[in-house]
Amino acid sequence: MDCLFCSISRGEIPSAKVYEDDTVCAFRDIAPQAPVHILVIPKQHIASLDEVTAANSAVTAHILEVIPQIAKAEGLTRGYRVITNVGEDACQSVHHMHFHILGGKKLPEQMS
Ligand code: AMP
């Protein structure tokens, strides 16, 4: 399958990785929208949050464990925002589930 984030997770396409373990990796967004902008992804291909089931929810739960660790390592002591875009109305552009971590500045109140 030709998936950009699968290729990044396998190291076939370079990325600025900030975290990796057996099931998850995280790397800096190529077009950052905040001083800290990191994407956290499962290594297995899950197209979006819409595809999470009882069979693959453990990796999603693990992502939620890893996010605060990354935020701490990045020094986001004043807070941060976590976003996952799902589908067309949310403008999901890469169809491999990913959680944006945004921080390092006061973020706008408006989310849509
Ligand atoms: P979304 O619009 O939620 O699907 O987010 C996709 C994100 O992937 C965008 O913020 C892009 O800037 C980011 N992105 C696309 N290609 C790369 C890449 N090669 N390395 C890192 N981030 C990327």
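In the predicted model, a nitrogen atom of the ligand lies 3.1 Å from a backbone N or O atom of I30, a polar contact being a pair of N or O atoms within 3.5 Å. An oxygen atom of the ligand is 2.5 Å from an N or O atom in the side chain of D29. A backbone N or O atom of S93 is found 2.7 Å from an oxygen atom of the ligand. On its own, the ligand has 500 Å² of accessible area, of which the protein covers 83%; such areas come from the Shrake-Rupley method with a 1.4 Å probe.

The model is predicted, so that local features need pLDDT of at least 70 and side-chain atom pairs count only at pLDDT 80 or more, whereas totals for chains, interfaces and linings use all residues. Residues are numbered from 1 along each chain as its sequence is written, and side-chain values use heavy atoms, with hydrogens and water left out.

The ligand is surrounded by 16 residues, of which D29, N85, S93, H98 and H100 come nearest; a residue is near a molecule if one of its heavy atoms lies within 4 Å of it. By class, this shell has 9 nonpolar, 5 polar and 2 charged residues, where Asp, Glu, Lys and Arg count as charged, Ala, Val, Leu, Ile, Met, Phe, Trp, Tyr, Cys and Pro as nonpolar, and the others, Gly among them, as polar. At least two residues of the shell come from each of α1 (4-9) and β2 (24-28), and α1 gives the most, with 3 residues. Helices (H or I, at least four residues) and strands (E, at least two) are DSSP runs, numbered from the N terminus.

The space taken by the ligand is the largest pocket. A pocket is an open set of points on a 1 Å grid over the protein atoms alone, where a 1.4 Å probe fits, with protein on both sides within 12 Å along at least five of seven lines; lining residues have an atom within 4 Å of a point. A molecule sits in a pocket if more than half of its atoms lie within 2 Å of the grid points of that pocket. The largest pocket has a volume of about 410 Å³, and F5, D29, I30, L39 and V94 lie nearest its centre among its 23 lining residues. This lining divides into 13 nonpolar, 8 polar and 2 charged residues.

Definitions and conventions:
Polar contact = N/O pair within 3.5 Å; in protein donor to acceptor, adjacent residues only side chain to side chain. Points joined across faces, edges and corners; volume = space filled by probe spheres on them.
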